[in-house]
Amino acid sequence: MVKSRPDAAVVKLVASHQGLRRLGRRLGFYLMVAAVAITLNFIIPRLMPGDPGTQLLLKIQQTTGIAPSEETVKNVRALFGGDDQNLAAQYLTYLGQIFQGNLGVSTSQYPTPVSELVFAALPWTVLLVGISTVLAFAIGVTIGISLGWKAGGRADSFFTPAAAILGSIPYFWVAVLAVWFFAIILGWFPIAGGYDPSIVPGFSLLYVLGILKFGFLPAATIIFSTFGGWVIGQRNMMVTTLGEDYILLAKAKGLSPRRIMFRYAARNAILPSFTGLALSIAGIVAGALLTEVVFGYPGMGSLLFRAVTERDYPVMQAVFLLTTFAVLIANFIADSTYALLDPRTREDG
Amino acid sequence: MRNALSDRRAQAGLLIALFFTAIAIFGPLINEHVLHQNPLAIDLEAFGQPPSSAHLLGTTSSGQDVLAQLIAGASQSMIAGLVAALLGTAIAIIIGVTAGTLGGRIDSALTAVTNIFLTLPGFALILIVAGYTSNAGPVLIGTIIAVFGWAGGSRALRAQSLSLRNRDFVQASRMIGESRIRVVIVEVLPHLTGWVTVMLLMGFVGGILSEAGLAFLGLSGVDTVSWGTMISQAQAQNALLGGMWWWFAPPGLCIVALGGSVALINFALDQSYNPRLSGLSRGQLNAFQKIKKRVQRTPKSPQSSENVLEISGLTVEYVTDRGNVVACKQVSLNVRRGEIVGLAGESGSGKSTLLTSLVRLDRPPAVTTSGSVLFTDRQGKTTDLVSQSEAELRPLRWTSISLVLQSAMTALNPVMRLGDQFIDVLQTHDTTLSKAAAQKKTHELLKNVGIAPNRSNSYPHEMSGGMRQRATIALALACDPELVVMDEPTTAVDVVMQRQILANVLDLQRKFGFAIVFVTHDLSLLVEIADRIAIMYAGKIIEVAAAEEIWNAPQHPYTVGLRDSFPPLSQTTVSLRGIPGAPPDLRNPPSGCSFHPRCPLKFDGCDRDEPELLQIGETSVACHQYEGANPKEMVIQ
Ligand code: SF4
């Protein structure tokens, strides 16, 4: 019955190896989701009523007054279907185009390539969503920790249900109220836009300050609309964790309440929040898209809004595709953070 | 369920939700017959008017009545919400339960699909699909939302049915050959009601929010009125610059009110399904405060004692909103310096409650309501631990009494290296100790239990179960305590390891001379290691005697039964006789002697008077048989 015990170095090596394997598996999963997204992007227009491809070509002809070039036709057909090639061949052509970064041309801003529009908008959204998500997470988790530490207390019985209600406030309405109150009535912030058009873009202090000024309200809106979710999740995890044996033992050790609260309880209770972060990034992005529309913020949301109102299918599709990729990358970051924070490389399926 | 509905927040939520349901159903009638307004009628005479008696909530910039629009929009939201909730939950149930119940390859495939849908940004998908089908009504929107939003629920349901699959009752119906579908419908689904309800509610909230978002982007039909469209039109037509708050504020408020009401119901349900999450109620907290003040205000002026620990009259109660339950009643027990005292009893006997009380770590809702725990240190200074405040206790902890818990896996902080869990307690109690010195001390402590010093860099999950348990024992000795309380410290390891650990503990005890209170349900094990043994039943100590007396000449009928239900470790001949009946429900304890419903020797009066713990020779016993008798003549066979 005596098992030979591997020494610590070996155990550690195996553990970190498992950690890498786990990350590798996650990466594989995300690649799979990306493949699914690329395929959906191919299928959806072909499932839609009418013939989006033909409609597009007509539209291009209307705006330009001349028949679209052969190459444009080929491109549109690859993306939206409707030509004589069989599906498999279409799919291959489509994949080829995607991997070359060719996402077609915008019909509403013909003949700007879609990729140009999308890549101009992407950084704005990534910045806005990234910063506000990190802040909302930090704020929500901190509040959740303190509410959970004193569960049942006065603050808990008020703020926790309040946070539950907060989750049902639509982002865009918060945005509308914020514009109305802070930008119009108080005049503290610009009403719309992402930067001051009178300042030359670049890494000048003025320009950056301008971005902050324009980005403040949209970011605050997103933070306000999302932090409640973190409060509840973190608070519940904190309560659950406080019932654990290692908390009892930490108290028996006579450690200071601060140390128990942070090093023992919060440090463990925060782990599931990172899993939650990975899962909710998609939802936050959705909300951010709507928020951008209200603020006329020059990101993916506004781009999508214009594309939808003008039925600019190529732009719609590209926004979907790139948003998916961005969400997947964010997911992977959240996942890796989790793996860094949790020494157990336990796989929970 | 009933708990949740008695929650005031849930009631408020339900009321609001019902109100909006009524509006959604009777909206057109109200508009036509009460308000006499057509929500879409354009009235250029009365555009952009603030609230007035003609237009209770004012008009839009094309003179449409805002109130009429709000009322008409209710059904749009409701329908989208309902479709999203019902359809989404249905898909989640089918996929989640199938995956969880069938397992195997089907499970892997379905789980992969679920995870993909969970990760895809559903809203962006919904957007482009809605973008193609320009005139999307609420039913279509609800459907799209359900099709892209079921995955979260499905994941939860899968996990639930997976755990149900291995439970006895499902296994049993499988064994008797019931069809899988029948098993799912009859056995599995009823257990998932809570989850399904939560899913329906959250699906509804998600539905109305997504509908509002899509409508805001102009993706619902052109001439349908919806709260989302109202806000987007208000924004597009400069209601913000014009300060027409009556136009853009009410629809948002309606969304918040409807969504929030459902979220509140969900919140209350959630808390009633996981009572642990709700924490203590206000009533409990107040009762706690009062009790704590009382016990801390009456400090004993303790006399120095030979005993390291003297527990007397210790009573622990569970404070609930429906009255208190006594879990430990008037417990008295002494522990001599360097002595090993065993505390035995079935689960539910109150031994764990007593243990947490004597280390002053009552797990709420348990609270020590009276009695004293006198601790005397080596210098002869005696303290009543019960009357100390939390801050006064802190420096005494671990240096006077330390603790070894049942499962080392859960007793160690999983995200901290083993050594750090030693160093923090060492440095807390000796602030002058340098990190290096603390490290050195840790290595010594680990060496005591046969763990290599380099292990202090390991995380708990990197060690074997036996090593973890030995590590917690080493940890308990870190501050040279005078008493170590051990709660079934060897139940989680195999027999070989159990022997090793016990031998190790006894060695260390001899070497350092600390006393031990060893709590277990395993009487035969106690007989081997303990000097004296106390037996607990229904929250009371019913017999205390030297270990060999307990084994050879138990006095209390319960002790006899307990002894006979264990084979001694050293013998193989077994005549196991369990004790018929079950331990009493402490919420409703039997009258008189709490053992009388199970006692083979009970006689007239046993169910009436409570027996006191009487000192008879070296043995203390609480049983009416011994009142005024000489116990040695009445040894029960
Ligand atoms: S008091 Fe009566 S019922 Fe209780 S143990 Fe003794 S004989 Fe049995």
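These are my notebook entries on how chains A and B meet in this structure, plus a look at one surface patch.

**Entry 1: the model.** I kept in mind that this is a predicted model.

**Entry 2: the interface as a whole.** I began with the two chains together. The size of an interface is often given as the accessible area lost when the parts come together, so I looked that up. Chains A and B bury about 7,600 Å² between them, and carbon and sulfur atoms give 71% of that area. Counting residues, I found 86 in chain A in contact with 83 in chain B.

**Entry 3: polar links across it.** Next I asked how many salt bridges there are between chain B and chain A. The count is three. I looked up one of them: R259(A) pairs with D424(B), with 3.2 Å between the closest N and O atoms. I also noted 15 residue pairs in polar contact between the chains, both residues at pLDDT 80 or more. On the chain B side, helix α12 (residues 245-273) gives the most to the surface touching chain A, with 14 residues.

**Entry 4: D245(A).** I picked D245(A), which sits in helix α9 (residues 245-252) of chain A. Which residues does D245(A) contact, leaving aside neighbours within four places in sequence? I got R363(B), L405(B), T410(B) and A411(B). With T410(B), the two side chains make a polar contact at 3.0 Å.

**Entry 5: a nonpolar patch.** Then I turned to the surface of chain A. L127(A), I131(A), L135(A), I139(A) and I143(A) make a nonpolar patch of about 400 Å². I checked L135(A), which lies in helix α5 (residues 114-149). Buried or exposed? L135(A) has a relative accessible area of 41%, so I wrote it down as partly exposed.

Technical notes. Residues numbered from 1 in each chain as written. Chains lettered and ligands numbered in written order. Predicted model: local features only at pLDDT ≥ 70, side-chain atom pairs only at ≥ 80, totals over all residues. Heavy atoms only, no water. Helix = DSSP H or I, 4+ residues; strand = E, 2+ residues; numbered from the N terminus. Polar contact = N/O pair within 3.5 Å; in protein donor to acceptor, adjacent residues only side chain to side chain. Contact = heavy atoms within 4.5 Å. Patch = residues over 30% accessible without salt bridge, like charges linked within 9 Å, V, L, I, M, F, W, Y side chains within 5 Å. Areas by Shrake-Rupley, 256 points an atom, 1.4 Å probe, with all protein chains shown as cover. Salt bridge = Lys/Arg side-chain N within 4 Å of Asp/Glu carboxyl O. Buried < 20%, exposed > 50% of the residue type's maximum accessible area, 1.4 Å probe, protein only. Buried area = accessible area lost by both parts, 1.4 Å probe.
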